Amino acid sequence: MKKIILARLSLITPPGSRTDLLTSGMVLPDQVMVEGGKVVIPVNVPPDFPGDLAQVQTLIEERLQSLDGIDNLLVVLTAERAAASQPTAPEPPKLKKRPTEAPGRDMRPHSAAVPGIKNIIAVASGKGGVGKSTTAANLALALRSLGLRVGLLDADIYGPSMPRLLAITERPRIENDVVYPVEQYGIKVMSMGFLMQEESPVIWRGPMVVTALMQMTREVNWGELDVLVLDMPPGTGDAQLTMAQQVPLQGAVIVSTPQDLALIDARKGLKMFKQVDVPILGIVENMSTFICPHCGKSSDIFGHGGAEEDARRLGVPFLGAIPLHMTIREMSDAGTPVVISEPDGVHARHYRDIALRVATRLFPEEDED
């Protein structure tokens, strides 16, 4: 199938170009991903490309969509052009209560709101392995349990976790070039993991990742949402910075373990959001305390209270602590997070308490009423 796709791409000469997509290097064979009926075509558009990018995408889709065996086709255009021609967007809405916003006026570029979405929040961490995705999934489900309309975007392109965490095996529906998120447990979910096999790596450079993230954010029909939760990739690189600057974030939730090494990186993530004027909704201390299921004694494997102490020192809210417990891990691996599998349990209550604190900051008017 991949050979057939490459052969058809070699027949496409974009308007304004003298050579075909493969010869010009706009499409690199190693970057084309074919997994079953899912095909992803990254297109490297040079800055001085004179043609119409939309026409390039249309030509590729017309050539490939007629092939039998292709169920989902995603064309990722990685063009780096100035945004001067884009219409000026209104400034993102301000919250009434923002005691933790960065000092000074909002210096972020004007970022157009995503139609239908009232609030977008990022769940981030300075490093991987701290349970950020598990926290994001349970937070989204807990917000849903509060009666909010919630979406969840798995923005970790290199390590998408939501298909496993939420037991989603179906692919997103595509109609008239519009992608519709998958609905599971009452929330709408989108992830790069839906378009590829679980074991397949994404070998993309930064611009491709950024373009894919923006497409999954703005070119997906999310419908009407009260909150869209972004499960951000770990770290403070190009993808994180672009999302913070180009998406109208109403706030960020920082996830960390109490361990000193994790807290160092968590501070970096927190300061990155402050430097781009994104309010910090608070810090979550994950894997806080381990309680032995046999003897009932507690052990602070990664320490305890470090994130809470950091929050106090940095002047940001502490949202809560999540224990290191076998049930949370087992339910996550099974695709039924504890907020769904044990909604009345103690662990689900931790996540709902955190969700309530986040919702109170996102919807201060309702809290005042």
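Good morning. A helix here is a DSSP run of H or I with at least four residues, and helices are numbered from the N terminus. The model before you is predicted.

I begin with helix α9, residues 326-333. Which of the residues of α9 are buried? They are Thr327, Ile328 and Ser332. Because these residues cover an arc of only 125 degrees around the axis, they fall on the same side of α9. The general background is that an α-helix has 3.6 residues a turn, so residues three or four places apart point the same way. The cover over the buried residues of α9 includes α3 (132-145), α4 (162-165), α10 (338-341) and α11 (346-362). After α9 comes glycine 335, with a positive phi near 80 degrees.

I turn now to the sheet. It is open, has 8 strands with mixed pairing, and follows the order β8-β9-β5-β10-β4-β11-β12-β15. At its edges are β8 (182-184) and β15 (318-321), each of which pairs on one side only. From one strand to the next, the twist averages 25 degrees.

Consider the edge strand β15 further. Strand β12, residues 280-285, runs parallel to β15 and is joined to it by 3 bridges. Within this region, isoleucine 283 stands opposite phenylalanine 318 of β15.

Finally, two of the helices that cover α9, namely α3 and α11, also lie across strands of the sheet. Helix α3 lies across β4, β5, β9, β10, β11 and β12, and runs at about 170 degrees to β10. Helix α11 lies across β4, β10, β11, β12 and β15, and runs at about 170 degrees to β15. Thank you.

Terms used: Residues are numbered from 1 along each chain as its sequence is written. This is a predicted model: local features need pLDDT of at least 70, side-chain atom pairs count only at pLDDT 80 or more; totals for chains, interfaces and linings use all residues. Side-chain values use heavy atoms; hydrogens and water are left out. Buried means under 20% relative accessible area, exposed over 50%, partly exposed in between (1.4 Å probe, protein chains only). The arc is that of the directions from the helix axis to the C-beta atoms. Contact means heavy atoms within 4.5 Å. Two strands pair if DSSP finds at least two bridges between them. Axes are lines fitted to C-alpha atoms, for helices over the stretch in contact, and angles run from 0 to 180 degrees between N-to-C directions.
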